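Let's take a walk through this structure together. Have the sequence and the 3D view open, and we'll go from the overall picture down to single residues.

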Amino acid sequence: MVFVQGDNIELYDIWGTEERLDLRFSFQYTFISKQSYLHPFLETGLSITDTKVKENRIRVRSQTLAIRNPTSTYYQIRDYGIGFGGFGTLGLKMDVNENFALWAGYSANYSRINLGENDRFLLQHTIFVRFSLAGLASGVN
């Protein structure tokens, strides 16, 4: 059995990047009130997430090394995947004027990313702000 002794622990930078495309097909219900410009809303639906690893590296002293090798036939690690799931959203829509609205909310997405050996369903949290424009082309002939 080997035990680590002394001050021989060193810290190095490790990082990774990936591309994700998140498609959501949803139903939305907005509680409209003519007396207020604030309107709560609820959303629910299905989500599809397409993920691809772009980079995974570690810096040891002055060298930067790739952790994964996409051409390696030895490890056979899948670095892309499509996962499915569902989500629910709670938010607030604010009508700024008749052409512009601001949306803010929280969304919980229960899905799997299906990347590498990760094929479990997990909960992901999102806080968001949306801007919507309407009626801007109504005066154009």
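Start with how much of the chain is tucked away: of its 141 residues, 21% are buried. Keep in mind that what you're looking at is a predicted model. The outside of the chain comes to about 11,200 Å² of exposed area, and 58% of that is supplied by carbon and sulfur atoms.

Now for the architecture. You'll find 6 strands and 0 helices here, so reading from the N terminus the elements simply go β-β-β-β-β-β. Sequence distance is worth a look too. Take the contacts between residues at least 6 apart in sequence: 62% of them join residues that are at least 24 apart.

How do the strands pair up? A good place to begin is β2, which covers residues 38-60. Strand β1 takes in residues 13-30, and 18 bridges join β1 to β2 in an antiparallel arrangement. If you'd like one rung of that ladder to look at, find S26, whose bridge partner in β2 is G45.

Strand β2 also pairs with β4, which spans residues 80-95; this pairing is antiparallel as well and has 15 bridges. Here you can pick out K52, which has Y80 of β4 as its bridge partner. Then there's β3, made of residues 63-66 and joined to β2 by 4 bridges, again antiparallel. R57 is one residue to look for in this pairing, with A66 in β3 as its bridge partner. Between β2 and β3 there are just 2 residues, and the two strands form a hairpin. In the turn sits R61, with a positive phi of about 55°.

Let's stay with β1 for a moment and look at Y29, which lies in that strand. Is Y29 buried or exposed? Its relative accessible area is 51%, and the cut-off for exposed is over 50%, so Y29 counts as exposed. Leaving out residues up to four places away in sequence, Y29 touches P40, F41 and L42. Y29 and P40 are 11 residues apart along the chain, and their C-alpha atoms are separated by 8.7 Å.

On the surface, four residues come together in a nonpolar patch: L21, L23, F25 and L46, which share about 410 Å² of accessible area. Which strand gives the most to the patch? That's β1, with 3 residues. L23 is found in β1, and its relative accessible area of 38% makes L23 partly exposed.

For a contrast, turn to N109 in strand β5, which runs over residues 100-111. Why is N109 called buried? Its relative accessible area is 3%, and anything under 20% counts as buried. The side chain of N109 makes a polar contact of 3.0 Å with the side chain of S47. Setting aside residues up to four places away in sequence, the neighbors that N109 touches are D22, R24, S47, G86, F87, L122, L123 and Q124.

Last stop: the charged pairs. Side chains of opposite charge can pair when their charged atoms come close. A search of the whole structure turns up 7 salt bridges, and we'll visit some of them.

One is between R20 and E18, where the closest N and O atoms are 2.6 Å apart. R20 is partly exposed at 44% relative accessibility, and E18 is partly exposed too, at 38%.

Another joins R130 and E43, with the closest N and O atoms 3.1 Å apart. This pair links distant parts of the chain, since R130 is in β6 (residues 122-133) while E43 is in β2, 87 residues apart. With a relative accessible area of 31%, R130 is partly exposed, whereas E43 is buried at 9%.

Finally, K93 forms a salt bridge with D95, and their closest N and O atoms are 3.4 Å apart. Here K93 is buried, with a relative accessible area of 16%, while D95 is partly exposed at 27%.

Conventions:
Residues are numbered from 1 along each chain as its sequence is written. This is a predicted model: local features need pLDDT of at least 70, side-chain atom pairs count only at pLDDT 80 or more; totals for chains, interfaces and linings use all residues. Side-chain values use heavy atoms; hydrogens and water are left out. Buried means under 20% relative accessible area, exposed over 50%, partly exposed in between (1.4 Å probe, protein chains only). Contact means heavy atoms within 4.5 Å. Accessible areas come from the Shrake-Rupley method with a 1.4 Å probe; for residues, only the protein chains shown count as cover. Patches are made of residues with over 30% relative accessible area and no salt bridge: like charges are joined within 9 Å, nonpolar side chains (Val, Leu, Ile, Met, Phe, Trp, Tyr) within 5 Å. A salt bridge is a side-chain nitrogen of Lys or Arg within 4 Å of a carboxyl oxygen of Asp or Glu. A polar contact is a pair of N or O atoms within 3.5 Å; within protein, one must be able to donate a hydrogen and the other to accept it, and residues adjacent in sequence count only if both atoms are side-chain atoms. Two strands pair if DSSP finds at least two bridges between them.
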